[in-house]
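Let's take a walk through this protein together, stopping at a handful of places along the way. Keep the viewer open and turn the model as you read.

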Amino acid sequence: MSPRSALVNEELRRRSKERLLHAAVELVSEHGYDATTLGDIADRAGSARGLVSYYFPGKRQLVQSAVHRLMHRTLEEALEREPCTEDGRERMARAIDAILGLARDRPVLMRQHMAGLLQAEGFVPCPEQRRLAELLRDTVARHGSCDVDADYPMLRALLMGAVFAALVPGVPMPVPVLRAELFKRYRLDWAMGVPPDTEVPGGTCGAGRTDLARFFATGPAPECPAPALRPGPEGQSK
């Protein structure tokens, strides 16, 4: 058997990392951050435990990357769902609903994420977070901002504040109330985006909310290329 090519090895590494991110989201959603170990994540992902430290410096970085992946893919899906639109107000409404939908549908996971941001090590930049930031900045720009550098941090802060308010133990604010305040600030009509109790196929409402796998798809393992055939006598192959 010929050795695997660099491209095949790279694809295997990517899929291994995807499985770890997926496992982290599932386990923290089920058991919370403190009760989830790196060993648990590796076992759920079907990976060697040493691979976790190869890809991530620690559990906090892994979990933050996993949650940021879920957030940016949820936001991306909401912005691009059918019917596609270039309308800036509609896209802002979809963005708000996507993030608030995660607070509603994944309270354990998002509460743990918010708590992690308040720890001493705090926010951990990663490629997943950068993609989330790009999508939110684009949303602000399409909404008509004249100063994206100032308006993007404000949108981010407002969304984080709304998620926090929705998840405060004992005194959570209802998501529709938080949605109404954000829609008022950005001059959005209530019917835009995904109003509460509205079913949108594949969106943040309905059965699609339980399907995490589509955000961490890995597919079948790539096959090694077959050895090249060597020409033999009289044009025959060996």
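Which residue follows α2, and what is the sign of its phi? The residue is G46, and its phi is positive, near 70°. Before going further, please keep in mind that this is a predicted model.

Stepping back for the overall picture, the protein has nine helices and zero strands. Read along the sequence, the pattern is therefore α-α-α-α-α-α-α-α-α. Of the 238 residues in the protein, 46% are buried. Among contacts with a separation of 6 or more, 68% are between residues 24 or more positions apart.

Now back to α2 itself, which covers residues 38-45. Its buried residues are G39, I41, A42 and A45. Looking down the axis of α2, you will find these buried residues within an arc of 160°, so they line one face of the helix. The geometry behind such patterns is familiar: an α-helix has 3.6 residues a turn, so residues three or four places apart point the same way.

Next, have a look at some rings. There are two aromatic pairs by the count used here. One of them is formed by Y54 and Y55 in an edge-to-face arrangement, with 5.0 Å from centre to centre and 75° between the planes. The two partners sit in contrasting surroundings: Y54 is exposed, with a relative accessible area of 55%, whereas Y55 has a relative accessibility of 19% and counts as buried. Because the cut-off for buried is under 20%, Y55 at 19% falls on the buried side.

Rings also meet charged side chains in this model. K59 lies over the face of Y33, at 4.1 Å from the ring centre. Further along the chain, R179 lies over the face of W190, at 4.4 Å from the ring centre.

From here, move to the loop between α4 (59-80) and α5, where R81 is found. Is R81 buried or exposed? R81 is buried, with a relative accessible area of 14%. A polar atom of the R81 side chain lies 3.3 Å from the backbone oxygen of G193, so this pair meets the 3.5 Å limit for a polar contact. The loop between α4 and α5 also holds P83. The peptide bond that leads from E82 to P83 is cis, with omega near -5°.

Beyond that loop, you can follow the chain into α5, where A103 lies. A103 is buried, with a relative accessible area of 3%. Leaving aside neighbours within four places in sequence, A103 is in contact with M110, V163, A166 and L167. A103 and V175 are 72 residues apart in sequence, yet their C-alpha atoms are 8.3 Å apart in space.

Helix α7 (residues 127-142) is the next stop, and T139 is the residue to pick out there. T139 is buried, with a relative accessible area of 0%. What lies 2.9 Å from a polar atom of the T139 side chain? The answer is the backbone oxygen of L135. Apart from neighbours within four places in sequence, T139 is in contact with L79, R91, M92 and A95.

Several of the residues that touch A103, including V163, A166 and L167, appear again among the buried residues of α8. This helix runs over residues 148-167, and at 1.5 Å a residue its 20 residues should span 28 Å; the C-alpha atoms at its ends are 28 Å apart, which agrees. The full set of buried residues in α8 is V148, Y152, L155, L159, A162, V163, A165, A166 and L167. Which helices do the buried residues of α8 pack against? They pack against α5 (88-105), α6 (107-117), α7 and α9 (175-185).

Our last stop is R187, in the segment after α9. Phi of R187 is near 55°, a positive value in a residue other than glycine. With a relative accessibility of 67%, R187 counts as exposed. You can set this beside G46, the residue after α2, whose phi is also positive, near 70°.

Notes: Residues are numbered from 1 along each chain as its sequence is written. This is a predicted model: local features need pLDDT of at least 70, side-chain atom pairs count only at pLDDT 80 or more; totals for chains, interfaces and linings use all residues. Side-chain values use heavy atoms; hydrogens and water are left out. Buried means under 20% relative accessible area, exposed over 50%, partly exposed in between (1.4 Å probe, protein chains only). Helices (H or I, at least four residues) and strands (E, at least two) are DSSP runs, numbered from the N terminus. The arc is that of the directions from the helix axis to the C-beta atoms. A polar contact is a pair of N or O atoms within 3.5 Å; within protein, one must be able to donate a hydrogen and the other to accept it, and residues adjacent in sequence count only if both atoms are side-chain atoms. Contact means heavy atoms within 4.5 Å. The expected span of a helix is 1.5 Å times one less than its number of residues. Rings of Phe, Tyr and Trp (its six-membered ring) pair if their centres lie within 6.5 Å; planes under 30 degrees apart count as stacked, over 60 as edge-to-face and the rest as tilted. A charge sits over a ring if NZ of Lys or CZ of Arg is within 6 Å of the ring centre and within 35 degrees of the ring normal.
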